[in-house]
Structure formats: structure tokens, C-alpha cells
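Please look over the model below before reading my comments. They are kept to a few points.

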Amino acid sequence: LFYIWQVQIDGIDTRDFLRPSFLYADILGLFSEFLLAGVIAPVGEELLFRGFLFASLRTKMGSWLAALISSLIFAVLHYYSIIGMCSILLFGLCMCWMYTKTRTLWPCIILHAIMNIQITFSGWYLFATSPQS
């Protein structure tokens, strides 16, 4: 459903963002994608956007505004469509809330990793063998 909305509203085909080398990756290529999407990106992004940016802004302007600003920056840097940016903005706000409630980045890192792995591998599974239309 998300894919259909994205194509209809933004005219963007998700396959345009998948590298051909990823679409036809062997086991080593898939492992490297797993490592990048499931470990490196979540750890780095949560440290940067929640651990540093959100935490720094929160001391100056309060939690809600800090969460909105840090999540908006997070979403803009992940921009590939309006719908995608809105969903990433919402994800960022949820991560800020989770970080505030738990006072640790680990739940955020784990959820971020799960989301990235699901998105990466469902994209590979759905589009690796489907022809572009």
C-alpha cells in the first residue's frame, strides 16, 4: 500500500533507489547490506540524531521542540519522497520519545536496526526479480 501511494502521489518508484549491485547481490553482498543497514547506520544515526542533536537541543529548548527539529533534520537527510519523509519524521519523533522515556539509546538502536533490515530486505525480495515497468 505504501509503495502504491508513493508511486501515485510522488511518482517515485522505490526501485530507483536500489543499486543494481544490491538487487542482484550474492550472499556476501547481502551480508554487507545487512551490516550497513542493520548495524552501522542505526548505531551511527541514533548516536548522532538522538544521542547528540536531540539531547543538545533539549537542554536549550525543551523536549518537544528539540524532538521536532532533530526529527525534521533526520527526515530531510533521508528525503526520497514526501510520503517517505513524513514517515521518517514520525519515526524520528517516536525515537526521541523512546529515548526520553528509557534514557538509553539501546531500544532506539534496536528498533532502528529492525526497521532498516525489514525495509532493505523486503525491497530486495520484492524488486530483485521484478522487471521495472
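The numbered points cover the model, a salt bridge, the core and a surface patch.

1. This is a predicted model, in which local features need pLDDT of at least 70 and side-chain atom pairs count only at pLDDT 80 or more, while totals for chains, interfaces and linings use all residues. Residues are numbered from 1 along each chain as its sequence is written, and side-chain values use heavy atoms, with hydrogens and water left out.

2. One salt bridge (a side-chain nitrogen of Lys or Arg within 4 Å of a carboxyl oxygen of Asp or Glu) is found in the whole structure. Glu-46 and Arg-50 form this contact, at 2.8 Å from N to O. The two residues are four apart, about one turn, in helix H3 (residues 27–61); helices are DSSP runs of H or I, at least four residues, numbered from the N terminus.

3. Glu-46 counts as buried because its relative accessibility is 0% (buried means under 20% relative accessible area, exposed over 50%, partly exposed in between, with a 1.4 Å probe and protein chains only). Arg-50 is likewise buried, at 0%.

4. The largest nonpolar core (buried Ala, Val, Leu, Ile, Met, Phe, Trp, Tyr and Cys residues joined through side-chain atoms within 4.5 Å) has 18 residues, of which Phe-54, Phe-74, Met-95, Tyr-99 and Cys-108 touch the most other members. H3, H4 (63–77), H5 (82–102) and H6 (106–127) each give two or more residues to this core. H5 gives the most, six.

5. Leu-28 is in helix H3. Leu-28 counts as exposed because its relative accessibility is 61%.
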